[in-house]
Amino acid sequence: MSAKAITEATGKDILNRHLNAHGAGAATCRFATVNADTDWSKLSVDHPWLLTTPLVVKPDQLIKRRGKLGLIGVKKSFEQVKQWIGERINKDQKIGNAVGKLRNFIIEPFLPHTDAEEMYVCIYSHRSADTILFYHQGGVDIGDVDAKAVKLDVPVNSELSLADVKSKLLKEVKDAAQKERIAKFIGALYATFVDLYFTYLEINPLVVTADNLYILDLAAKLDSTADFICRPKWGEIDYPPPFGRDAYPEEAYIADLDAKSGASLKLTILNRNGRIWTMVAGGGASVIYSDTICDLGGASELANYGEYSGAPSEQQTYEYAKTILNLMTSSPKHPDGKVLITGGGIANFTNVAATFQGIITALREFQPKLVEHNVSIFVRRAGPNYQEGLRRMRDFGGTLGIPLHVFGPETHMTSICGMALGKRPIPKVASVEFSTANFLLPGGQQAQADLKAASDASSSDALGTDEADNGSSASGQHRNGSSLTRKFFSNTTKAIVWGMQQRAVQSMLDFDFICRRDEPSVVAMVYPFTGDHKQKYYWGHKEILIPVYKKMSDAIHKNKEVDVLVNFASLRSAYESTLEVLEFPQIRTVAIIAEGIPENMTRKLIFEADKKGVAIIGPATVGGVKPGCFKIGNTGGMLDNILHSKLYRPGSVAYVSRSGGMSNELNNIISKATDGVIEGIAIGGDRYPGSTFMDHILRYQADPETKLIVLLGEVGGTEEYEVCAALQDGRITKPLVAWCIGTCASMFTSEVQFGHAGSCANSDRETATAKNKALREARAYVPDSFDTLGELIHHVYSELVKTGRVVPKEEVPPPTVPMDYSWARELGLIRKPASFMTSICDERGQELIYAGMPISEVLSKEVGIGGVISLLWFQRCLPSYVCKFFEMCLMVTADHGPAVSGAHNTIVCARAGKDLVSSVVSGLLTIGDRFGGALDGSARQFSEAYDTNLHPMEFVNKMRKEGKLILGIGHRVKSINNPDVRVKIIKEFVLENFPACPLLRYALEVEKITTNKKPNLILNVDGVIATAFVDMLRNSGSFTSEEAQEYINVGAINSLFVLGRSIGFIGHYMDQKRLKQGLYRHPWDDISYVIPEQYN
């Protein structure tokens, strides 16, 4: 939902901070808030006026008409207020049908005033304007505001005139000075309303005294989608639930998941102890399932409303399912058991198998509790990879120990509701329909031309090119006249796609191919974040290149035939990118996919598009489809669904829907009940879609190839009444089948915001029930419920066939299309050996995993850098003393001054202007047996000597005899008389903490022998780390002897020096840059030039 109610305290706080900045001249609202945790003593200290002035107290929980309900305490002392609240707080209160507890209160100073000083002001937004209501009498007895108040509309993209305020709104205010003050206040209030993205703001009463203006009672709603714009001005906003429905932590958890995800996850708990629980995919589908359950008498037992959609990951679906199952199994058992309805329409792009795997994981986790609560599960789903998803669910159901019934698109979407509630028999064996994308076999490409030629005669008339007549002139008078009665798409439509949406573009091209288009519909893409380049796609089995432009102007100027833009820009940039494309007259249709664009921005887009005669589909839509011609983005889903719903060729039925997810279900229903779809548009779920139901219905009315129109409306808004009027005045003469979803809303005791931003009734007239009744009275065909929509469509279509108005055409088989490798692999149709293998890290899930440990656990357990090394290098959690040893080694090897070769190289590179990576790499490349890299060699030499039982003296003599240096022995500066403190620190730690360190002790014995010969032949840092490392591998109990030896052989021990010294190299690079050192040139006097004499 975009328009969300805020508490009175929140609204007054916002106005306190911003209203007078616009010149309102109003008194600051003084108030204090109280809940069960309030410290009254502290409250009186923070607000000393509480002790010195009479007070007004009232609950602050979105309750309307508090004065009429006796929920306002007036002229009370601080102690009386405490008593008044104490008598009501956490007590049940019935308001209408809702019963809830009073938990939050607001206290304000009592303002003495007369009735004559009370006035009423309200501002609310709608599609084309903001409306300001004013009445010169306010207060609890104002009565019917709509009938009494004076209205002033401020059209979108226009300014409020104070002259209009005075002349139109304030006619009943006689005092000139007072009129001036009120006009300035209303002007400032409206400026604040617009600036802070309010959608509703009511003040009743506004008290106007001789010297000030006071806001007494306030109700407000904000456009929550504008949070990314307004948060600095709003501050942190808490949107309370409607009265009668408590806020649950589980709802907050899902809301948090939703905020962090690109998917849509919603949860509203209606009845914590209900027996009917739902887990539905899709915003529109979730409403329809709730409708059907309520229609079947399950309203009082419906436990929740919610949805998951927008391709959530397996992990996100698991978290969502786990939350639902935890709620279901933590409430009291029900004598009739409980049911879980896991339903959904036909997905456009969500991988059903992946989401089902998340649900299965959650079901497995809760299996004992599900059995204990006698839960029955009913599943219906379709979409990408649904066959695999349903198979997994069926297979798992056999092990769950409770009834689990699984159905696909062969079953009507809501049939499982009747089965779950015992109103419909459960089929023992479902007649499963399997279909998947046709494979292009060898020679298929050549057969394409023959198929096309054979089908041209039967399909050319139905393709709906621009030669059809435009119907009656009356149908062309809606909004832009003929601009929106034109055909939007044909089989030659060309489009530009904004955004790097490779999957959606490939889907459009595959659709073009099976529709036998001569050329791809997508001719270019726009993506501002890269330079101009070309992107590779498939056309059938051939690879083609589509240009990607950085600038919209370049894409349009180089593709003059384009008239459609498919805009995948995010909610933050969709407004600017759409405004930009509206500057190009050749673009006639824009589809805006993004959900969550602020309403003010959408209204401005609509205004500009109407002015230029451009049609907008969306925002918050999947798009639309013209079978046989063109589809927008992911509309229609995968190829298997496109083939199953026969979208590769036109039918006779056109539909318009708000819901993008339900458009696929309508494709399925219509393909079963009729000869198929001729065009389908999902106008979008936001409050203000760019085009309306009537815009498209009048196009369908004007198209002679469209014989039957289907409308899927929903609760909220009044657009369906325009359809009723058009049916009654004869602008719509074709049969219209209509249904408005959301009939369940009137059965709930508290307000429920459904999945779409626009699906919320603000009056009885906006309820789905009222709209269905009006449509039926206007002679539309209206079913009893969505459950019977397909049957009614089939009945009307059959009558059209009987009367000869529809002549079914012979089916033409679609051409074959290759399946993408990635999707074929997803479906399990092919296999291929992996190019890479890894066993230490997995970034594919909800969070990063190091050797089986989630990153959150890595951080919460504070394993440190040493622990991370143990996980990523050794695939296990090593003891804490080992992790500490690793960290000590990193510290002591981090640097050894600028003179050593590695640091020197890094410094020279840095001074030559090279970047960080190049400079550090130049230092790392010097590491070897002679500098820093002796750890592995030292480990091998000492290990072999120790393992072959050589006495330390024998080892020394053997190495001397072979003419080899003992790696890890000797230092250029340090000696027995000037010991290396680093060696001392590590040696003492190892001797004290390691369970055994025989190799280190062996090396120390060798040191005694070598230092007797020369005092600088000490055990150096390389030697002490190497031998201690081997002792750790062999004696920590974490490795087998074979594993220990393998790590020695692969050179793992040198890793500590490489990692540690990288820290120092980075330090030297940063030091040189900080000191701004110039190019290094080695001095001549430090070079001995030894030139052969014959060249002197």
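## The annotated domain

UniProt annotations may be inferred rather than shown by experiment, and their positions are given here in the numbering used for this structure. With that in mind, the unreviewed UniProt entry lists residues 488–597 as "domain: CoA-binding". The structure you are looking at is a predicted model.

What does the model show over residues 488–597? This stretch of the chain is 25% helix and 29% strand. The C-alpha atoms at its ends lie 24 Å apart.

## The second largest pocket

Let us move on to a pocket. The second largest one holds about 1,200 Å³ of space. Its lining is made of 32 residues, and those closest to the centre of the pocket are Ile 969, Gly 970, His 971, Arg 972 and Asn 1020. Sorted by class, the lining has 14 nonpolar residues, along with nine polar and nine charged ones.

Which helices supply at least two residues each to this lining? They are H33 (952–961), H35 (998–1013), H36 (1021–1035) and H38 (1054–1075). Of the contributions to the lining, that of H33 is the most, at three residues.

## A nonpolar patch on the surface

Helix H38 turns up again on the outside, as one of the elements that give two or more residues to a nonpolar patch; the other is helix H31 (916–924). The patch is formed by Leu 916, Val 917, Val 921, Leu 925, Ile 1066 and Met 1070, and together these residues have about 530 Å² of accessible area.

H31 provides the largest share of the patch, namely three residues. Leu 925, another member of the patch, sits in the loop between H31 and helix H32 (934–947).

## Salt bridges

How many salt bridges does a search of the whole structure find? The count is 50. A good one to look up is the pair Glu 8 and Arg 66, whose closest N and O atoms are 2.7 Å apart.

This pair links distant parts of the chain, with the two positions 58 residues apart in numbering. Glu 8 belongs to helix H1 (residues 8–18), while Arg 66 lies in the loop between strand S3 (55–59) and strand S4 (73–76).

## Backbone details worth finding

Two cis peptide bonds can be picked out along the backbone. One joins Asn 204 and Pro 205, with omega at about 5°, and Pro 205 is in strand S11 (residues 198–208). Another joins Gly 618 and Pro 619, where omega is about 0°. Here the proline is in a loop: Pro 619 lies between strand S26 (615–617) and strand S27 (624–626).

Finally, take a look at Ala 311. Although Ala 311 is not a glycine, its phi is positive, at about 60°. You will find Ala 311 in the loop that runs between strand S16 (304–309) and helix H10 (314–330).

Technical notes. Residues numbered from 1 in each chain as written. Predicted model: local features only at pLDDT ≥ 70, side-chain atom pairs only at ≥ 80, totals over all residues. Heavy atoms only, no water. Helix = DSSP H or I, 4+ residues; strand = E, 2+ residues; numbered from the N terminus. 1 Å grid on protein atoms, 1.4 Å probe; cavity = no way out; pocket = protein on both sides within 12 Å on 5 of 7 lines; lining within 4 Å. Points joined across faces, edges and corners; volume = space filled by probe spheres on them. Nonpolar A, V, L, I, M, F, W, Y, C, P; charged D, E, K, R; others polar. Patch = residues over 30% accessible without salt bridge, like charges linked within 9 Å, V, L, I, M, F, W, Y side chains within 5 Å. Areas by Shrake-Rupley, 256 points an atom, 1.4 Å probe, with all protein chains shown as cover. Salt bridge = Lys/Arg side-chain N within 4 Å of Asp/Glu carboxyl O.
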